[in-house]
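This report describes side-chain contacts in one protein chain. The sequence and the model come first, and the description follows.

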Amino acid sequence: MPLGTQTWRQYYLCRSELEFRMESGRPEKDFICKAIAGHKGEIDELAYISTNEYRFDGQEKSVVCTVSSDATVRAWDLQEGTQIWSSPLQPAALVNLVTYPRLQLVVTVDERGLIKVWKAEDGCEWASFSLPTYLSALEACDIPEGPLLLAACAEGALYTLTVPPLQLLSRVSVFPSNPSLLCSPDRQWVFASTQNSDLGPKVFHTLSLLCPSEDEPPVYTTLPIGLTSRACWAPAEAARLMVMHRNDNGMQLVVTTYELEAKKTRNRVDILVQQIASFFLPDTMMPPQLMKSHGSQVILLVSGSELVLFTIHGLQLAAFQDHQRPITSLWVGQTRVITSSFDLSLRVYLWSKDNKHPVLKSCYHLLGGSHRWASGFTHVESDSMSIVGVEARNIGTSILRSYYFKVQRG
């Protein structure tokens, strides 16, 4: 908190009221819902640029950035329901973005592989870098050594760039084509895989990607599995990785959990991998399309319209079938979980604890617009004061629908 703005008691009362409102979710009483239009095409990705922190000094604001097939990147004030700025029309449709809230920077990439950095305060362009082919994955990696951008392109190479100047630090061949990337919570590890391939996924030590050479190539290890489909890092552990893959004969889906450790000697770094758990998914379960983790022991899987929770050892904790149509996006936080669906609703769940495992409680749903005009939600994100979803329109455009939870100060 900024010094002198409030007492700890004022902060506690405001935060308690906010969390109560986000738990109860009463329309008009607890939140304000706004439909925010502006893009002339479909929104492909969104991310918060405001810092995810609790503030009650009158300066709190939830700001998201979006990219669209209309070839613009835009910033939005969710509290006011207004557009803050829009970029000039770009040469091609924008397909992905990442944000650096600490630096107030936005990075976008278009369908041809052109990467650009934008200032979040006014949308001014800062730098650009062209990949040789279209992008397959983009990850922000803000480490103590300096902010990095990791970009994987269709040709199978992983590019490490500085932020904001987008200077190339390294180019590493990872897979023959279309790698996906996933950074660990502490940004010290980078998981790279290619779906439904016999090639085992790789885990890179991030620092070794900064200045590799022929004498000292990047440090990585290949996990002893193939046919990888999904993966996630445990948010409460620095180096705990869960991977969904097929078993040896390719018939069953398995979720395996690994612990990684970097062992440093005088001249080199070795990666030690230990398998700590593994279990088969039920044969009756459709192959999950989404996978996230909570804490250090819980895995959340989305299968069709169902949300299922397992421990890393395979104990099923809960299963929710609140949506009428397939779930499209899953957001997992420390206090709540939010799902979006083609049924034009967002579902809000809250974490609580029993004697051993966290328990997820279904609380309420947030409705979108009319099915006459919209085909459902495609994305959902949240911060400490708001929830925002991308609502796809039947005419080939998208809008943002924000739910802003407000508390009284003083």
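A salt bridge is a side-chain nitrogen of Lys or Arg within 4 Å of a carboxyl oxygen of Asp or Glu. The structure shown is a predicted model, and it holds 16 salt bridges by that criterion.

## Salt bridges

Three of the salt bridges, each between two residues, are listed here with the distance from N to O.

| Pair | N to O distance | Citation |
|---|---|---|
| E60 and K406 | 3.8 Å | salt bridge |
| R74 and D70 | 3.6 Å | salt bridge |
| E155 and R171 | 3.0 Å | salt bridge |

The salt bridge of E60 with K406 has its closest N and O atoms 3.8 Å apart. E60 lies in the loop between β2 (43-48) and β3 (63-68), while K406 belongs to the segment after β32 (398-405), so this pair ties together parts that are 346 residues apart in sequence. E60 is buried, its relative accessible area being 7%. K406 counts as partly exposed, at 28% relative accessibility. Buried stands for under 20% relative accessible area and exposed for over 50%, with partly exposed in between; the 7% of E60 is therefore a buried value, and the 28% of K406 falls in the partly exposed range.

In the bridge between R74 and D70, the closest N and O atoms are 3.6 Å apart. R74 is buried, with a relative accessible area of 9%. D70 counts as buried too, at 11% relative accessibility.

E155 and R171 meet through their side chains at 3.0 Å, N to O. This pair links distant parts of the chain: E155 is in the loop between β11 (146-153) and β12 (157-162), and R171 is in strand β13 (residues 168-173), 16 residues apart. E155 is partly exposed, with a relative accessible area of 32%. R171 counts as partly exposed as well, at 47% relative accessibility.

Salt bridges can also join into a network, and one such network links E17, R21, R26 and D30.

## Aromatic pairs

How many aromatic pairs does a search of the whole structure find? The search finds six. In one of them, the ring centres of F279 and F310 are 5.4 Å apart and the planes stand at 35 degrees, so the pair is tilted. F279 is in strand β21 (residues 269-280) and F310 in strand β24 (residues 306-311); the pair links distant parts of the chain, 31 residues apart. F279 is buried, with a relative accessible area of 7%, and F310 is buried, with a value of 2%.

F320 and Y349 form another tilted aromatic pair, at 4.9 Å centre to centre and with 55 degrees between the planes. F320 lies in strand β25 (residues 316-320) and Y349 in strand β28 (residues 345-353), so the pair ties together parts that are 29 residues apart in sequence. F320 counts as buried at 12% relative accessibility, and Y349 counts as buried at 1%.

Ring pairs also link F31, Y403 and F405 into a cluster.

## Around R336

Y349 has a further neighbour in R336. R336 and Y349 are 13 residues apart in sequence, and their C-alpha atoms are 5.4 Å apart in space. R336 is placed in strand β27 (residues 336-341) and is buried, with a relative accessible area of 4%. Leaving aside residues up to four places away in sequence, R336 touches M22, W331, Y349, L350, W351, S382, D383, S384 and S386.

## Charges over rings

Two contacts place a charged side chain over an aromatic ring. The charged end of R15 sits over the ring of Y54, 3.8 Å from the centre of that ring. K119 lies over the face of W126, at 5.3 Å from the ring centre.

## A nonpolar surface patch

Which residues make a nonpolar surface patch of about 420 Å²? The patch is made by W8, Y12 and L13. Of these residues, L13 is found in helix α1 (residues 8-24). L13 is partly exposed, with a relative accessible area of 43%.

Notes
Residues are numbered from 1 along each chain as its sequence is written. This is a predicted model: local features need pLDDT of at least 70, side-chain atom pairs count only at pLDDT 80 or more; totals for chains, interfaces and linings use all residues. Side-chain values use heavy atoms; hydrogens and water are left out. Patches are made of residues with over 30% relative accessible area and no salt bridge: like charges are joined within 9 Å, nonpolar side chains (Val, Leu, Ile, Met, Phe, Trp, Tyr) within 5 Å. Accessible areas come from the Shrake-Rupley method with a 1.4 Å probe; for residues, only the protein chains shown count as cover. Helices (H or I, at least four residues) and strands (E, at least two) are DSSP runs, numbered from the N terminus. Buried means under 20% relative accessible area, exposed over 50%, partly exposed in between (1.4 Å probe, protein chains only). Rings of Phe, Tyr and Trp (its six-membered ring) pair if their centres lie within 6.5 Å; planes under 30 degrees apart count as stacked, over 60 as edge-to-face and the rest as tilted. A charge sits over a ring if NZ of Lys or CZ of Arg is within 6 Å of the ring centre and within 35 degrees of the ring normal. Contact means heavy atoms within 4.5 Å.
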